[in-house]
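Trainee: I have a model open and would like to go through it residue by residue. Where should we begin?

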Amino acid sequence: TPQFTACEMYAASASVLLRVALSAGDPEELSTALEAAIRATLPGAAPISVDTADGEHVVHVGVPSVHVLAGLRGAVLSGEFDATLSQALNQALTLSTAEPAVGDAVTLRGLVKRPALNGSAGEVLSVGEAGGRCLVRLADGSRLLAQPANLALRVEAKVDRSESAAQFEASAAALDTLTPHQQQALAELQAGAGAEQDLHLRAPAGAGKTFVALHAALSTLRTARGSRVLFVARNEALALFAAAWLARRCPAGARRRRLLGRIDLLHEPIGRGPCSLRAVRGRVERRWPAAAAEEYSLLLVDEAHHLYDNAASRAAIERLVGPRTRRLLLSDVSQAVARSIAYPAGAADVHLSEVVRCSRRIVAGAMAFQLGGEAKLLTRCHHESTGPPLRSFLFDAEREEDGGGGGGGGGGGSSSRFERYARHCMRALEHATCLFPRLALHNRVALVVPDATFREGLAASLAPILAPRGLGLATAAQAAAELGEEEGAGGEE
């Protein structure tokens, strides 16, 4: 039967490739129908081409924006893309089956007495019935006898989700251009930079504040000779992520070494002071204290709503501001709008209201936890993708049997509690590996817990379960520091 025996998605720069192998059908007819079906299935995609060789069809699909990529990702992960593409192909193709076989997936066509059934999908249950007819079971469970001439082989499309997830990740990384809304904000930031003015970028979570600000920092590093940037964040992992993002904008080697030499980080504990950076064996490494040098050209403060709300951290940051240092503050309006925070006076405000990294489903759910009254209704999603449904694994930790027979906060009770959490974490991981059986989990799964004590207890219970599977646990900071490739033959830059 002409089924999609392989359908894989690849990404190169800002494009996606569908590799489709068909077991039957005229190659030219299939190629034409496939191109038309892809165009109908992916509105907004860039021009598409189909190459055919040795029975394999490679469909090149341009992904011009995060908007298109998010829509395609949601459709593939939900299974909607498979169904839509299959339907479009079956409408375009008519593959006759002179000798149907039991189990064939077919589509009814040319029925005169029951024309409403034309186009219905079914499965051949038996052949050689009275008058040479076939017994077909339809999707609703009903059955009918039909002549072979009234049956067309049905094409079914299936996307390899494991490969797709990996390539969506690669495409998202390649599409590091800003949305029009973000470009407008960056233009305002650059205009303020030209006027040597302090700036304050305010936006809800997921709008791309850090992304826009890192573009501004990169512009400073590239255009202002000898400029130096200090990136400040309360969260250690966020600070390392920013450093790694900037480092990856330069090829490994001397250029990257020079770039990292002009960037310092400051994160909690803030009182320890800034650290300098270098790349070692494919990772960003830190050294304290940062080398004494000229004043910073740009002081970029992420999570400013946390840091400037604390007198000690605010004073520590302000001590690093020189006469020619420009401040760029980033604050989350969904968390800080209801608080009175003593930000530096005179900073010009720039606003973002489009959420990019989340689906519409997540934006709607997050509003329940967002501050700001009616102002939060201005938060909107940059794209129209609803996003795949989230799978929940709910359990009552207090009611499950713990095997210890006792209550009371002893060490044994705490241990069994984390063992239960570890067991349910494994349920979730197994669900993910069933959906994406060939997707490596390395640096792709985050376990979010309430505090360090919980993290230590859960890690102790999870580690022995993960080890036989070749998996281990890393902190968010360790994961964020990865550059993705080895640095130099000697291992150190």
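Mentor: Begin with tyrosine 308, which is buried at a relative accessible area of 1%. Keep in mind that this is a predicted model.

Trainee: Which side chain makes a polar contact with the side chain of tyrosine 308?

Mentor: Tyrosine 308 sits in the loop between α9 (304–307) and α10. Its partner is 10 residues away in sequence, and the two C-alpha atoms are 9.7 Å apart. The side chains meet at 2.6 Å, and the partner is glutamate 318.

Trainee: Which residues does tyrosine 308 touch, not counting residues up to four places away in sequence?

Mentor: Tyrosine 308 is buried, because its relative accessible area of 1% is under the 20% cut-off. Its contacts include Arg314, Ile317 and Glu318. The others are Val301, Arg327, Leu329, Ile341, Ala342, Tyr343 and Pro344.

Trainee: Now threonine 325. Which backbone atoms does its side chain reach?

Mentor: Threonine 325 lies in the loop between α10 (311–318) and β17 (326–332). With a relative accessible area of 8%, threonine 325 is buried. At 2.6 Å its side chain reaches the backbone oxygen of tyrosine 296. At 3.0 Å it reaches the backbone nitrogen of glycine 322.

Trainee: What else is in contact with threonine 325, leaving aside neighbours within four places in sequence?

Mentor: Tyr296 is on the contact list, as are Glu295, Ser297, Leu298 and Leu299. The list is completed by Leu320 and Asp198.

Trainee: Is serine 126 buried or exposed?

Mentor: Serine 126 belongs to strand β7 (residues 121–126). Its side chain makes a polar contact at 2.6 Å with the side chain of glutamate 129. Val102, Cys134 and Leu135 also touch serine 126, with residues up to four places away left out. Its relative accessible area is 15%, and under 20% means buried.

Trainee: How do α6 and α7 lie relative to each other?

Mentor: Helix α6 covers residues 209–223 and helix α7 covers residues 236–247. Their axes are 11 Å apart, at an angle of about 50°. That angle is why the pair is classed as oblique.

Trainee: What is the class make-up of the contact of α6 with α7?

Mentor: The crossing is right-handed. From α6 come Thr210, Phe211, Leu214, His215 and Leu218; from α7 come Leu238, Ala242, Trp245 and Leu246. By class, that makes seven nonpolar, two polar and no charged residues.

Trainee: Which prolines are joined to the preceding residue by a cis peptide bond?

Mentor: One cis bond follows glutamate 268, with omega about -5°, in the loop between β13 (263–266) and β14 (275–280). Another follows tryptophan 288, with omega about -10°, in the loop between β15 (283–287) and β16 (298–301). The prolines are proline 269 and proline 289.

Trainee: Is arginine 281 buried or exposed?

Mentor: Arginine 281 is in the loop between β14 and β15. Its phi is near 50°, a positive value in a residue other than glycine. Its relative accessibility is 52%, and over 50% means exposed.

Trainee: What is the relative accessible area of asparagine 443?

Mentor: Asparagine 443 lies in the loop between α13 (411–435) and α14 (452–466). Its phi is positive, about 60°, although it is not a glycine. Asparagine 443 is partly exposed, at 43%.

Trainee: What share of the chain counts as buried?

Mentor: The chain has 15 helices and 20 strands. Its residue count is 493, and the buried share is 44%.

Terms used: Residues are numbered from 1 along each chain as its sequence is written. This is a predicted model: local features need pLDDT of at least 70, side-chain atom pairs count only at pLDDT 80 or more; totals for chains, interfaces and linings use all residues. Side-chain values use heavy atoms; hydrogens and water are left out. Axes are lines fitted to C-alpha atoms, for helices over the stretch in contact, and angles run from 0 to 180 degrees between N-to-C directions. Helices (H or I, at least four residues) and strands (E, at least two) are DSSP runs, numbered from the N terminus. Angles under 35 degrees count as roughly parallel, over 145 as roughly antiparallel, 65 to 115 as roughly perpendicular and the rest as oblique. A crossing is left-handed if the near helix is turned anticlockwise from the far one by less than a right angle, and right-handed if clockwise. Contact means heavy atoms within 4.5 Å. Ala, Val, Leu, Ile, Met, Phe, Trp, Tyr, Cys and Pro count as nonpolar, Asp, Glu, Lys and Arg as charged, and the others, Gly among them, as polar. Buried means under 20% relative accessible area, exposed over 50%, partly exposed in between (1.4 Å probe, protein chains only). A polar contact is a pair of N or O atoms within 3.5 Å; within protein, one must be able to donate a hydrogen and the other to accept it, and residues adjacent in sequence count only if both atoms are side-chain atoms.
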